[in-house]
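Student: I am new to reading protein models, and I would like a close look at a single part rather than a quick tour of everything. Could you take one helix and its surroundings and lead me through them slowly?

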Amino acid sequence: MSGRASIIDPALSRLIGVLLWSALRQMGRHLKTPAGALVGILAIGTVSMGLMPMFIAAWTGSLDGVQIYARATETIPLMMLLIVAMAIYFDIGQQITELRPPELQFVLAGPFTDHQILSYRLMTIALTWVVSSSLMAVFALPTAGSYLSAFFAIYTGGMTITSLTTLHAFSQPVVPPGVRDWFGRVLLGWVVILMISSLPLGIRDNGFSWQRWLLGCQTSSLGRVMTLPFVPFDRLLHQPLGLPMFGWLVVAISLPMVGFAMCYRVRSGFAELAVAGVSRKQERVARMRSGQFGRSQTKERRSTFQLPSLPWLGGAGPVAWQQLVFVLRRHRSLIAGLWILGLLTAIGFIAFQLFRPNVIHPQFREWSMVAMMIAASYLSFLMTISQPLGLAASPRTLTWFRTLPVHPFAITVGMLAGHLAMMWCIRFAFLPIGFSLSSRGWVETLSFAVAGFALDLTYASTVNFVSAATSLRALPTGTPDVLQGGRTMLYMLVLGIGMLPTLIFTALVAAAVAVLTEMDRTAIGFAVATALALPQPLIWWVSSILFRNRELFQAD
């Protein structure tokens with residue numbers, strides 16, 4: 001074959017079309033089933049409810065809080081700078097070089113150059129980003145000059161971030177690792193210095209304003225210099241249709257083109273990076289399925305952690321002991337770090353209030369414990385959703401538990417210990433912060449905390465119930481594919497539906513107590529905790545029956 005190779009081989013273009021058509025066919029096949037149709041209707045309803053307020057705000061301007069939303073969108077250059085700094089520090093660009101195992105067998109085995117493989121990978125990212133930008137542009141309508149300006153600003157901004165992170169990943173073969181790590185630390189360090197040094201700009205007589213703080217970061221001398229490359233996207237977003245918009249569009253398009261042109265210049269070794277990326281992906285998935293977070297350790301070491309034995313408790317004690325050992329051996333460093341961070345943060349807030357007692361808004365102090373409990377619940381959900389804990393463990397582990405001479409109800413109760421240990425440890429880390437900020441009484445603040453612990457019990461029970469009743473898991477087994485994210489979303493949807501009866505019962509009890517006690521918040525907090533805990537024994541009993549029958553069926 002003579003002449004210069006094309007930017008992308010026709011076979012790779014054909015592969016993109018085949019993958020797209022295959023994804024659409026699989027989606028259509030799933031939508032034809034009753035469960036798939038129900039999930040599709042719920043997904044369309046959820047997206048519609050999320051987009052409708054933005055349409056109303058853009059067309060009528062009648063929504064409350066749009067002014068606050070507008071102030072937040074004024075800091076787009078600062079947010080893009082923060083995203084780039086974090087992406088470079090954590091080397092997110094390596095994921096761009098990753099190919100799925102089926103792609104690896106076809107793409108790298110074919111007669112394709114690094115130039116063509118890179119074009120194939122970037123083209124798939126560009127097509128995916130078109131769909132994401134189309135949806136995200138709707139949320140920018142209240143402050144955007146037009147839908148087209150919002151779409152192009154988000155699309156070109158996202159592709160610019162992609163080009164910079166890709167360029168950083170491609171520099172691995174030509175730049176020493178120490179220099180790459182040093183650059184990431186310095187860039188993120190300067191961003192942290194910028195944000196910390198601008199904290200006084202957000203302090204006002206009536207409290208702390210995060211909008212003023214972010215605007216102060218961006219408009220400071222250092223902020224103007226660091227956010228200068230991302231200013232064109234902010235200008236493009238707010239431009240109405242007209243010649244100025246097309247002028248900023250030309251500038252916004254030229255930035256990712258320059259970045260990708262530099263990627264093509266240093267693309268040497270892309271095939272090797274793609275192979276290493278697949279290995280990293282498989283290792284990361286296996287590590288998550290085994291309940292490990294963070295980077296893999298280069299050396300294996302035997303844990304010396306010893307946990308005292310628990311009482312028999314009808315067989316629930318040894319099962320709970322196994323779950324506790326699993327959590328504490330794998331995550332004790334993370335838990336200890338969270339506790340230390342929580343204590344230091346609480347001490348910092350106490351000292352800050354001694355010198356500036358009126359800076360923190362009174363309403364935030366009043367509901368500080370509720371805010372901390374919500375933050376703890378969110379972090380606990382992220383940390384436990386993919387953990388092989390309780391009845392969400394692998395089938396081999398569940399089969400081993402089924403062979404124990406222990407009643408299934410005791411196994412189900414003991415299996416709660418893994419989730420509860422992880423979630424309660426995280427919640428204990430947030431307790432000092434909530435108590436240090438709260439302006440309420442200790443008993444009333446404690447009632448909110450107890451309600452948070454009861455919510456963890458509800459979540460752990462529901463995870464066991466869904467795992468015993470279905471084969472759904474947050475991280476499905478098998479080779480990662482296009483539909484893995486959809487199955488994860490389905491799992492979370494079923495999990496939310498499983499918690500719904502308990503939450504409705506709790507809401508009714510809380511409303512009745514509020515009427516009887518004339519809005520006594522302490523009584524409401526303890527009533528919520530009691531209502532959340534009351535139905536759990538029934539859920540454990542049903543889960544134990546499902547677990548026993550399902551495991552016996554699998555054994556047959």
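Tutor: What follows is a walk around helix α7, with a few other places added afterwards for comparison of method.

Please keep in mind throughout that this is a predicted model. As a setting for the close look, the protein has 22 helices and two strands, and of its 556 residues 42% count as buried. Among the contacts with a separation of 6 or more, 79% are accounted for by residues 24 or more positions apart.

Let us begin with helix α7, which covers residues 147-170, and with helix α4, which covers residues 76-89; the axes of these two helices come within 10 Å and cross at roughly 25 degrees. Because angles under 35 degrees count as roughly parallel, α4 is roughly parallel to α7. The crossing of the two is right-handed. On the side of α4 the contact is made by Met80, Ile83, Val84, Ala87 and Ile88, and on the side of α7 by Gly157, Ile161, Leu164, Thr165 and His168. When these residues are sorted by class, the contact of α4 with α7 has seven nonpolar and three polar residues, and no charged ones.

Staying in helix α7, we can pick out Phe151, which is found there. Its relative accessibility is 15%, and since buried means under 20%, Phe151 counts as buried. If we leave aside its neighbours within four places in sequence, Phe151 is in contact with Val130, Ser133, Ser134 and Ala137. You can also compare Phe151 with Met136, for the two are 15 residues apart in sequence, while their C-alpha atoms are 7.7 Å apart in space.

Helix α7 appears again when we turn to helix α12, because the buried residues of α12 pack against α6 (114-139), α7 and α11 (231-237). The buried residues in α12 are Met245, Leu249, Ala252, Pro256, Gly259, Phe260, Cys263 and Tyr264. The length of this helix can be checked as well: α12 runs over residues 243-265, and at 1.5 Å a residue its 23 residues should span 33 Å, which agrees with the 33 Å between its end C-alpha atoms.

The way we read α4 and α7 can be used on another pair, helix α16 (residues 368-384) and helix α19 (residues 442-469), whose axes come within 9 Å and cross at roughly 20 degrees. These two helices are therefore roughly parallel to each other, and α16 passes α19 in a right-handed crossing. From α16 the contact takes in Met369, Val370, Met373, Ser377, Phe381 and Thr384, and from α19 it takes in Thr445, Phe448, Ala449, Gly452, Leu455 and Tyr459. By class, the residues of this contact divide into eight nonpolar, four polar and no charged.

Finally, it is worth looking at two places in loops. Most residues other than glycine have a negative phi. Leu313, in the loop between α13 (270-289) and α14 (316-355), has a positive phi, near 55 degrees. With a relative accessible area of 62%, Leu313 is exposed. Glu518 lies in the loop between α20 (484-516) and α21 (521-533), and its phi is also positive, near 55 degrees. Glu518 counts as exposed, at 71% relative accessibility.

Terms used:
Residues numbered from 1 in each chain as written. Predicted model: local features only at pLDDT ≥ 70, side-chain atom pairs only at ≥ 80, totals over all residues. Heavy atoms only, no water. Axes fitted to C-alpha atoms, helices over the stretch in contact; angles between N-to-C directions. Helix = DSSP H or I, 4+ residues; strand = E, 2+ residues; numbered from the N terminus. Parallel < 35°, antiparallel > 145°, perpendicular 65-115°, else oblique. Left-handed = near helix turned anticlockwise from the far one by under 90°. Contact = heavy atoms within 4.5 Å. Nonpolar A, V, L, I, M, F, W, Y, C, P; charged D, E, K, R; others polar. Expected span 1.5 Å × (residues − 1). Buried < 20%, exposed > 50% of the residue type's maximum accessible area, 1.4 Å probe, protein only.
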